[in-house]
Amino acid sequence: MDRTNQPRVRFAPSPTGYLHVGGARTALFNWLYARRERGTMLLRIEDTDVERNRPELVDGILAGLKWLGIEWDEGPYFQSQRLDMYRSEAKRLLVSGAAYACYCKASSYAGADAAPAADSEEEQEGEGDDEGPKTRKNVACPCREMSEADRAAREREGVPAAIRFGIPRIGATTFEDAVFGSREVQNAEIEDFVLLRSNGLPTYQLSVVVDDLDMRITHVIRGADHLSNTPKQVLLYRALGAEPPIFAHVPLILGPDRTRLSKRHGATSVSSYADEGFLPEAFRNFLALLGWSPGDDSEFLRTSELMERFSLAGVSRTNAIFDRPKLEWFNTQYLQKLPIEDLLPCVADELRRANLWNGSQAAADPGWFARAVDLIRPRTRFLQDFTTWSRGFFTDDFDFEPEARAKFWKDERLPGMLGKLADALAALPEWNHDACDAALRQLASAEGVKAGLLINATRVAILGRAVAPPLFESMVILGQDRVASRIRRALPALSAP
RNA sequence: GGCGAUAUCGUCUAAGGGUUAGGACGUGGCCCUCUCAAGGCCAAAAUCCGGGUUCGAAUCCCGGUAUCGCUACCA
């Protein structure tokens, strides 16, 4: 089968941190594109920076992608296992004259003015801000023009050399970006960047191009922070005798303060959203709409629809702010609108996590489980809601919430009335919504109280909470025996001060 | 500092020369009600500023401003 026309995309995180929402969104776009176009997505771990690299984080990134439901078709490949290829390609460029050896000390370039102490201080206000020299010229490495004799001398001395790419002095480099359109950059603006460090490890620019070429990547979909460096890579592709792939840079995701999303904005790792009880599909829907629009007013888009409708043309060019309330809204929508059979496995997992699954009616009776979840879900916002305030549906082991007691158990006639209610309910020949309703209202009018008083008090008695689903539906789910015994069990607590 | 990109309600966005500038989140109000949600209805809320081009500009052009990105032997 001829697959030459099928796109190949990749997600290429570097294990310097967990999988954050920006990376997740990039991964999602790649995945949606691959699925839409019946292409192939591969995963590549960019771990060429030995100092920042933390191998133990790879598992977390993989786990984050799995939770998101993003499946790659090839990989993961590790750049750390492909070093020979980068070295030989660098050598090729050296031989062809596209690159040159640089004998300068790394420190004379590295972080020359960069690394402004990582997001710490703002320089204080005031006028006298004739600050330190922030000026920076393009790197014009003297080694580029070094004579052969000098070069040989350095080699003899064993001076460690980096390999730099020699940017053409004149002309411009152009490329097409599927999102930002056609781009042109003057070569004079581009500095001779390093391809291979003096320690023999490749830089990002080299490894990314070599790999994308070797892996036959057709579409590079990545964050817009790479847009400015793309001309370097285009030049590199050409120097390697290849045509560049199609680029598609997607806008960045910012925090509410419009700065790059980072730890101090709170949850930025995908796993924290998993822990918080978000549904993966809701998260995908939310993420997909951050920087992409289907073109109409559709918002609730299940993953299958995203895969049908995603296109690079719909990607925005404007950075987007991560809007937590909207994410929560999506989660609520999914909890309530998902076909019940799609939701059940997620709830079952949550019950297992809370140790409420084994031996429960939920595990034993699928039909009952579905009815119970359906009753509870209109009031849920997170998966945890099934094991916190609604745990009374899945176990007898729950407490009477103090606020609920204070609010609905005030009336001192309640113990007597609920005792009678328990008897009346236990004696019902049939157990359904209307029978329970009638029994309770009959008692209320006989006692001369409003039905609401009994309803609210009973809800607390059988579920322990002031906030729970409507009473009679809850009774039906719980069953006659359990309801009667729970009411009786509550009586002592009810009469306690 | 240099280079570049971007700019529509507070937020995500639609409208790619002609609309009362639409939808959604959030906010406020009303309805529903057995608690609390959900839901329904209503409301306030935007074309960054200034110049052009045009009969007509959110849309095209220029300038300014702001924001973001890049400017590393990080990715």
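**Close-up views of a predicted model**

**View 1. Helix 16 and helix 18 cross with right-handed geometry.** The model shown here and in the following views is a predicted one. Helix 16 spans residues 433-447 and helix 18 spans residues 471-478. Their axes lie 9 Å apart and form an angle of about 120 degrees. An angle over 115 but not over 145 degrees counts as oblique, and helix 16 and helix 18 are therefore described as oblique to each other. On the side of helix 16, the contact is formed by His 433, Cys 436, Asp 437, Leu 440 and Arg 441. Helix 18 contributes Leu 471, Phe 472, Glu 473, Met 475 and Val 476. Of the residues in this contact, six are nonpolar, one is polar and three are charged.

**View 2. Val 467 is placed in the loop between helix 17 and helix 18.** Helix 17, on one side of this loop, covers residues 451-463. Val 467 has a relative accessible area of 55% and is therefore exposed, the cut-off for that class being over 50%. Gly 367 is 100 residues away from Val 467 along the chain, and the C-alpha atoms of the two residues are separated by 24 Å.

**View 3. Helix 11 packs against helix 13.** Helix 11 comprises residues 340-353, and helix 13 comprises residues 366-376. The angle between them is about 90 degrees, with an axis separation of 10 Å. Angles of 65 to 115 degrees count as roughly perpendicular, so helix 11 and helix 13 are assigned to that class. Ile 340, Leu 343, Leu 344, Val 347, Ala 348 and Leu 351 represent helix 11 in the contact. Their counterparts in helix 13 are Phe 369, Ala 370, Val 373 and Asp 374. Nine of the residues in the contact of helix 11 with helix 13 are nonpolar, none is polar and one is charged.

**View 4. Asn 355 has a positive phi in the loop between helix 11 and helix 12.** Helix 12, on one side of the loop, consists of residues 361-364. The phi of Asn 355 is about 60 degrees, although this residue is not a glycine. Most residues other than glycine have a negative phi. The relative accessible area of Asn 355 is 69%, and the residue is therefore exposed.

**View 5. Arg 38 has a positive phi in the loop between helix 1 and strand 2.** The loop is flanked by helix 1, residues 21-36, and strand 2, residues 40-45. Arg 38 is not a glycine, yet its phi is positive, at about 55 degrees. With a relative accessibility of 65%, Arg 38 is classed as exposed.

**View 6. Gly 75 and Pro 76 are joined by a cis peptide bond.** The omega of this bond is about 5 degrees. Pro 76 belongs to strand 3, which runs over residues 74-78. Most peptide bonds are trans.

**View 7. Thr 230 is a buried residue of helix 6.** Helix 6 extends over residues 230-239. The relative accessible area of Thr 230 is 0%, so this residue is classed as buried, a term reserved for values under 20%. The side chain of Thr 230 approaches the backbone oxygen of His 226 at 2.9 Å. With residues up to four places away in sequence set aside, Thr 230 touches Phe 175, Arg 222, Phe 247 and His 249.

Terms used:
Residues numbered from 1 in each chain as written. Chains lettered and ligands numbered in written order. Predicted model: local features only at pLDDT ≥ 70, side-chain atom pairs only at ≥ 80, totals over all residues. Heavy atoms only, no water. Axes fitted to C-alpha atoms, helices over the stretch in contact; angles between N-to-C directions. Helix = DSSP H or I, 4+ residues; strand = E, 2+ residues; numbered from the N terminus. Parallel < 35°, antiparallel > 145°, perpendicular 65-115°, else oblique. Contact = heavy atoms within 4.5 Å. Nonpolar A, V, L, I, M, F, W, Y, C, P; charged D, E, K, R; others polar. Left-handed = near helix turned anticlockwise from the far one by under 90°. Buried < 20%, exposed > 50% of the residue type's maximum accessible area, 1.4 Å probe, protein only. Polar contact = N/O pair within 3.5 Å; in protein donor to acceptor, adjacent residues only side chain to side chain.
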